[in-house]
Amino acid sequence: MTLKFIDVFMILFITMGPLKPAIVYVTLTAKSDAAFRRKVALRTAITASIVAILFVVAGEFLLSAFHVSIPALKMAGGLILLLYALEMIIGGDKKEDSSIDSGPSTNISIYPLALPLMATPQGLVAVTTFAAADPNMSDTLMVVGTILGLMAFNFVFLLGAHKILKLIGPAALKVVSVVVGLLLAALAIQLMIWGMTDLGVLEEFVATG
């Protein structure tokens with residue numbers, strides 16, 4: 001099977017595009033300066049790129065070496081995302097109080113922005129599948145190039161995401177943070193449902209209905 005660029009790009013854009021990480025990025029760095037935001041955006045894109053390319057090159061080997069199935073990868077990503085989402089919803093006030101002194105850490109660029117929001121479990125499954133389906137060098141380079149191009153676009157998108165802040169105030173931002181947490185929790189549950197559906201634990205209509 002020969003991979004087509006447009007197919008690879010569309011699948012990766014849907015699964016590893018900038019919208020979901022950008023919403024969380026805007027929420028978490030609302031009170032940060034431009035230099036910090038740029039650093040976080042850059043680290044997010046670089047980290048997601050490294051992880052995605054690692055799965056292109058060695059994803060199938062890594063999963064088999066650690067005896068990890070693709071459904072398990074989806075469920076693990078969903079669980080990690082759920083824990084973070086619950087922290088956003090339930091622990092929002094506590095986090096906000098502690099951030100007055102020290103501000104958010106650049107570690108948010110790794111978790112949750114790069115993983116699992118930008119280099120998503122479904123995106124990693126996709127690139128692993130691409131690599132396994134057609135392991136020749138030209139297609140591998142095409143997938144890697146597509147990932148790098150998409151991550152460059154994601155970086156630029158994150159840099160421009162803070163224009164949203166001009167339209168909302170602190171009170172609205174707090175509401176947005178809770179809503180984003182709820183949506184992330186729902187997405188996390190959906191990832192786990194997909195994993196259980198792959199295992200045959202749930203019926204297909206549950207995951208799509």
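This is a short tour of a predicted model, moving from the whole chain to one nonpolar patch and the rings within that patch.

**Stop 1: the whole chain**

Start with the protein chain in cartoon view. You will find 10 helices and zero strands, so to follow the chain from the N terminus is to pass through α-α-α-α-α-α-α-α-α-α. Of the 209 residues, 45% are buried. If you switch on contacts and keep those between residues at least 6 apart in sequence, 88% of them join residues at least 24 apart. Now turn on the surface: the accessible area is about 11200 Å², and carbon and sulfur atoms account for 72% of that.

**Stop 2: the nonpolar patch**

Next, select F5, I6, M10, F13, I14, L19, I23, F153 and F157. Together these residues make a nonpolar surface patch of about 870 Å². Which helices each supply at least two residues of the patch? Colour α1 (5-16), α2 (19-28) and α8 (137-160) and you have them. The biggest giver is α1, with five residues.

**Stop 3: F13 and F153**

Zoom in on F13, which sits in helix α1. Is F13 buried or exposed? Neither label fits: its relative accessibility is 33%, and because the partly exposed class lies between 20% and 50%, F13 counts as partly exposed.

Now show the aromatic rings. A search of the whole structure finds four aromatic pairs, and F13 with F153 is one of them. A ring pair is described by the distance of the centres and the angle of the planes. For F13 and F153, the centres are 6.2 Å apart and the planes are at 50 degrees, so this pair is tilted. Distant parts of the chain are linked here: F13 belongs to helix α1 and F153 to helix α8, with their positions 140 residues apart. F153 is partly exposed as well, at 40% relative accessibility.

**Stop 4: along α8 to F157**

Keep F153 selected and add F157. These two also form a tilted aromatic pair, with 6.1 Å centre to centre and 45 degrees between the planes. Why is about one helical turn the separation of F153 and F157? They are four residues apart in helix α8. F157 has a relative accessible area of 34%, so this residue is partly exposed.

**Last stop: the ring cluster**

Finally, select F5, F9, F13, F153 and F157 and view their rings together: ring pairs link these residues into a cluster.

Technical notes: Residues are numbered from 1 along each chain as its sequence is written. This is a predicted model: local features need pLDDT of at least 70, side-chain atom pairs count only at pLDDT 80 or more; totals for chains, interfaces and linings use all residues. Side-chain values use heavy atoms; hydrogens and water are left out. Buried means under 20% relative accessible area, exposed over 50%, partly exposed in between (1.4 Å probe, protein chains only). Contact means heavy atoms within 4.5 Å. Accessible areas come from the Shrake-Rupley method with a 1.4 Å probe; for residues, only the protein chains shown count as cover. Patches are made of residues with over 30% relative accessible area and no salt bridge: like charges are joined within 9 Å, nonpolar side chains (Val, Leu, Ile, Met, Phe, Trp, Tyr) within 5 Å. A salt bridge is a side-chain nitrogen of Lys or Arg within 4 Å of a carboxyl oxygen of Asp or Glu. Rings of Phe, Tyr and Trp (its six-membered ring) pair if their centres lie within 6.5 Å; planes under 30 degrees apart count as stacked, over 60 as edge-to-face and the rest as tilted.
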